[in-house]
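Reader: I'd like to learn how to read the nonpolar cores and helix packing in a model like this one. Can you walk me through it?

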Amino acid sequence: MKVVLQNLTKIFPSRDKKAGGEVVAVNDFTFEIPDGKLIGLLGPSGCGKSTTLYMISGLQKPTSGKIFFGDDDVTELATENRGIGLVFQNYALYPHMTVKQNIMFPLENLKGADKMSKDQMLERAYEAAKLVQIDELMDRKPSELSGGQQQRVAIARALVKMPRVLLLDEPLSNLDARLRLQTREEIRRIQKETGITTVFVTHDQEEAMSISDMIVVMKLGVLQQIGKPQDVYDDPVNLFVAKFLGTPPINVLEGEIKGGKICIGGAAVLDAPGVADQEVFIGIRPEGFELDENSALECKLSNVEVMGRDVSIVSTHENSLNPVIRSIIDADNKVDVTAQTVRYNIKPHKLFVFNKETEERIYF
Ligand code: ADP
Ligand code: MG
């Protein structure tokens, strides 16, 4: 089921009338979620991810704009009639019910033509439980399960009605690191097996990048960029997106364009033909550095960390906005750890230039 958001906006009135200042939680959102894909809705806390998800689910009513499932306008449709499955960060299971009863619960309320017999409900519940691999735990209570297992029950409960759209709001945030990794792979597997169009909300860029067909990056209620994870990483439209994706994060330096060259503190590092002279921000991915004794860009060497396959070099430069510059190079390179300085070449496709006022990308 394709999902289309059209000029979707949500404004919350101020809680404190005197202080004024309404909150524009989601600002003129337009994008299309293709049928059968998993979309990662990504941005820092408070940027409007949950609000967007709740509008798709019908739990919150948009201030303006429209939502379509396929060709149907569902903007005014009640949540229970949208055919969605919802999973929250805090599993929200009924503690007094068994796993089986929890999963079957959404089916008990079906009415009219959809009404199911007890046997049909059980069959469906077991199908959903098998999909998330908890069919052995059906008679336990939630308190007798680990966090990861509880979240699987919540996912099974969301799947049992065979939703047209699956909506997940930070579903892994309460799990420890190892379970988080395992469960996100599970979610991806289930999504591929069922082909259900899925929106996965997270503030964790690595999580979103690893499982999404497409990511949607948000900032303060405004959509910044949509694309395949690798494409957005390789080609960010502005400094915010460049900084939000990647670990270690992108290195940002103050620099200038002068006579068609990109300069950092007097050192010309690359050509930028046709770009007018101006001050800029320069972003360089950690993997964008190459050791080169003859290069003009010199940094003070602080530390060299060998991490098996890679070497991480920590250095400083007075133009750097981050406290240190972190570069990652292949461990085959020999680094003189006793040296005071280190010199770098920059790989052209790993360097981005941004307007200093607007922080928009300058293309060349
Ligand atoms: P996220 O899920 O990305 O952390 P939210 O969608 O929860 O962000 O919130 C977006 C913005 O809207 C925040 O500034 C938040 O304080 C505000 N907000 C969310 N829900 C309400 C509400 N019910 N009333 C007023 N403001 C709200
Ligand atoms: Mg949220």
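Author: Sure. Keep in mind that this is a predicted model. The general idea first: in soluble globular proteins, nonpolar side chains tend to be buried together. Here the largest nonpolar core has 37 residues, and the ones touching the most other members are V99, I103, V132, I134, V153, L159 and F200.

Reader: Which elements give two or more residues to this core?

Author: Those are α2 (99-108), α3 (118-131), α4 (147-159), β7 (165-169) and α5 (177-194). The top contributor is α4, with six residues.

Reader: And what does I134 touch, leaving out residues up to four places away in sequence?

Author: Its partners are V99, I103, A129, Q149, R152, V153 and A156. There's also a second, separate core, made of 26 residues, with V269, I325, I346 and L351 among them.

Reader: Now the helices. How do I read the way α2 and α4 pack?

Author: Two packed helices are described by the angle between their axes and the distance between the axes. For α2 and α4, the axes come within 7 Å and cross at roughly 30 degrees. Angles under 35 degrees count as roughly parallel, so α2 and α4 are roughly parallel to each other. Their crossing is right-handed.

Reader: Which residues make the contact?

Author: From α2 you get V99, N102, I103 and P106, and from α4 come V153, A156 and R157. Sorted by class, the contact of α2 with α4 has five nonpolar residues, one polar and one charged.

Terms used: Residues are numbered from 1 along each chain as its sequence is written. Chains are lettered from A and ligands numbered from 1 in the order in which they are written. This is a predicted model: local features need pLDDT of at least 70, side-chain atom pairs count only at pLDDT 80 or more; totals for chains, interfaces and linings use all residues. Side-chain values use heavy atoms; hydrogens and water are left out. A nonpolar core is a set of buried Ala, Val, Leu, Ile, Met, Phe, Trp, Tyr and Cys residues joined through side-chain atoms within 4.5 Å. Buried means under 20% relative accessible area, exposed over 50%, partly exposed in between (1.4 Å probe, protein chains only). Helices (H or I, at least four residues) and strands (E, at least two) are DSSP runs, numbered from the N terminus. Contact means heavy atoms within 4.5 Å. Axes are lines fitted to C-alpha atoms, for helices over the stretch in contact, and angles run from 0 to 180 degrees between N-to-C directions. Angles under 35 degrees count as roughly parallel, over 145 as roughly antiparallel, 65 to 115 as roughly perpendicular and the rest as oblique. A crossing is left-handed if the near helix is turned anticlockwise from the far one by less than a right angle, and right-handed if clockwise. Ala, Val, Leu, Ile, Met, Phe, Trp, Tyr, Cys and Pro count as nonpolar, Asp, Glu, Lys and Arg as charged, and the others, Gly among them, as polar.
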